[in-house]
Amino acid sequence: MQQYLKFYIDGEWVDPVTPRTLEVENPATEENFAVISIGSAADVDKAVAAAKRAFKSFSQTSVEYRADLLDKIAAGLQKRVPEIAKAISDEMGAPMWLANAAQAPAGIGHFAITASVLRNYKFEEVKGTTLLRKEPIGVCGFITPWNWPLNQIACKVAPALAAGCTMVLKPSEIAPLDAMIFAEVLHEAGVPKGVFNLVNGDGPGVGSAISSHPDVDMVSFTGSTRAGVLVAQAAAPTVKRVAQELGGKSPNIVLPTADLQKAVAGGIMNMMTNSGQSCNAPSRMFVQKDQHDQAVAIAKATAESIKCAMPADAPPGAIGPISNGNQYQKVQDLIQKGIEEGATLVAGGPGRPEGFNKGYFTRPTVFANVTNEMTIAREEIFGPVLCILPYDTVDQAVEMANDTVYGLAGYVQGPAEEAHAVANRIRAGQINVNGARPDFSAPFGGFGQSGNGREWGEHGFQEFLEVKAVMGYTAA
């Protein structure tokens with residue numbers, strides 16, 4: 001049993017104020033393999049106090065100093081990719097091929113992009129007789145999820161460090177081990193004491209203490225919309241800035257003029273990656289009614305070709321388990337709900353895949369003849385489950401795509417000019433046209449109940465800045 005019983009506070013690994021532990025489960029085996037300490041408000045108080053002390057000096061450091069620090073962190077993460085990938089695979093079930101190819105390297109990408117943004121950013125600008133200054137917002141609290149754990153830590157910590165902020169991180173208690181390695185990397189890179197602090201714990205014990213703390217100037221949260229509401233409510237009395245990246249039910253509009261084989265097969269593979277546990281997953285596929293049956297055949301063949309495998313030896317393209325038991329049961333319940341509400345089960349279905357009698361493995365599932373009123377079309381499932389919804393006209397497809405409380409991402413497949421015109425009509429924060437590759441410099445965040453604020457690149461960096469107007473800076 002691996003033990004991670006200390007927190008990283010004020011540049012040191014320290015014991016929790018009150019000893020309390022939690023075992024970490026491997027979702028592929030349903031066996032506990034590590035134990036962490038669970039913190040409390042008292043630990044948050046210590047971490048926030050350290051961050052507040054450190055802010056006075058760190059906020060005054062030079063751009064080049066902070067950019068060099070980001071470079072050192074990126075280099076440190078690069079050296080430990082195999083270790084980080086293994087930790088992520090063990091704690092949340094990502095297949096090793098995905099952990100090595102995307103889960104671990106994503107953190108490096110955010111630090112590299114942010115260093116470039118920092119070196120080219122103008123912190124001062126004169127408008128008329130007024131000087132506009134961009135200054136770090138202060139002490140930040142970060143609450144991060146288990147589905148892309150290092151990615152979500154890095155896309156908050158990197159811009160906060162770049163801006164000159166200090167911080168307290170609460171990683172997911174379901175996937176905390178990669179965060180411990182991350183803290184070691186920051187320490188080895190020479191991040192000054194108190195600038196970065198880590199307290200493990202759950203939402204009620206540590207997350208709420210961070211969100212409500214009077215000395216935290218900003219809280220950035222990634223997770224479910226339900227939990228995001230609680231974070232915002234806890235933050236409201238202290239009027240701190242709240243940035244949230246929440247749920248999604250992203251539409252994927254396959255235009256009648258698209259290459260149907262490529263569009264449908266690609267949409268299925270994109271949906272199933274990471275076992276469907278991505279907030280921007282293209283979970284609602286819209287196909288023209290006359291092409292519905294052909295699309296269903298393609299979807300069925302593609303979904304049935306996707307293997308479920310133990311993470312350690314999964315071949316490329318295979319999926320691992322759902323990350324925890326509660327989420328697994330939610331996914332199973334929603335699959336059953338789809339059947340009960342009359343959707344056509346095309347592939348997959350309830351229960352584990354053949355050959356598995358333990359682990360939170362879920363069959364790659366596709367429903368057809370789905371209507372936008374069905375539960376599976378409205379609720380975020382967060383598992384390897386895709387809905388196919390037929391439409392008559394492109395206008396109707398756009399209308400149905402926008403008929404959701406969410407607005408994180410959208411996808412369009414078809415000839416470029418036509419696809420871009422449709423992309424402009426989708427109410428979502430990030431639109432992917434024809435399978436575009438991820439871009440860490442592009443802003444990421446949503447409309448509606450998918451959250452507020454943006455992460456990644458320059459827009460993510462600016463979330464950590466306040467604007468000061470110095471009037472009378474020049475003579476009129």
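This report walks through two helix packings and the internal cavities of a predicted model.

**Helix α2 and its neighbours**

Two packed helices are described by the angle between their axes and the distance between the axes. Here are those values for the two pairs that involve α2.

| Pair | Angle between axes | Axis distance |
|---|---|---|
| α2 (residues 63–79) and α7 (residues 177–189) | about 130° | 9 Å |
| α2 and α3 (residues 81–92) | about 70° | 5 Å |

Let's take α7 to begin with. At about 130°, this pair falls outside the ranges for roughly parallel, roughly antiparallel and roughly perpendicular, so α2 and α7 count as oblique to each other. The crossing of these two helices is right-handed. On the α2 side, the contact is built from Leu-69, Lys-72, Ile-73, Gly-76 and Leu-77, while α7 brings in Phe-182, Val-185, Leu-186 and Ala-189. Sorted by class, that gives 7 nonpolar residues, 1 polar and 1 charged.

Now for α3. Its packing angle with α2 is about 70°, and angles of 65 to 115 degrees count as roughly perpendicular, so α2 gets that label relative to α3. In this contact, Leu-77, Gln-78 and Lys-79 of α2 meet Val-81, Pro-82 and Ile-84 of α3. The class split is 4 nonpolar, 1 polar and 1 charged. Leu-77 turns up in the contact with α7 and also in the one with α3.

**Cavities**

How many cavities of 30 Å³ or more does the model have? The count is 3.

The largest cavity holds about 90 Å³ of space. It is lined by 16 residues, and those closest to its centre are Ser-220, Ala-243, Gly-453, Arg-454 and Glu-455. Three elements each supply at least two lining residues: α6 (149–163), β11 (218–222) and β12 (241–245). Which of them gives the most to this lining? That would be β12, with 3 residues. In terms of chemistry, the lining of the largest cavity is a mix of 6 nonpolar, 6 polar and 4 charged residues.

The second largest cavity comes in at about 60 Å³. Its lining has 13 residues, with Met-271, Ser-283, Glu-380, Ile-381 and Phe-382 closest to the centre. By class, the lining of this second largest cavity divides into 6 nonpolar, 5 polar and 2 charged residues.

How values were computed
Residues numbered from 1 in each chain as written. Predicted model: local features only at pLDDT ≥ 70, side-chain atom pairs only at ≥ 80, totals over all residues. Heavy atoms only, no water. Axes fitted to C-alpha atoms, helices over the stretch in contact; angles between N-to-C directions. Helix = DSSP H or I, 4+ residues; strand = E, 2+ residues; numbered from the N terminus. Parallel < 35°, antiparallel > 145°, perpendicular 65-115°, else oblique. Left-handed = near helix turned anticlockwise from the far one by under 90°. Contact = heavy atoms within 4.5 Å. Nonpolar A, V, L, I, M, F, W, Y, C, P; charged D, E, K, R; others polar. 1 Å grid on protein atoms, 1.4 Å probe; cavity = no way out; pocket = protein on both sides within 12 Å on 5 of 7 lines; lining within 4 Å. Points joined across faces, edges and corners; volume = space filled by probe spheres on them.
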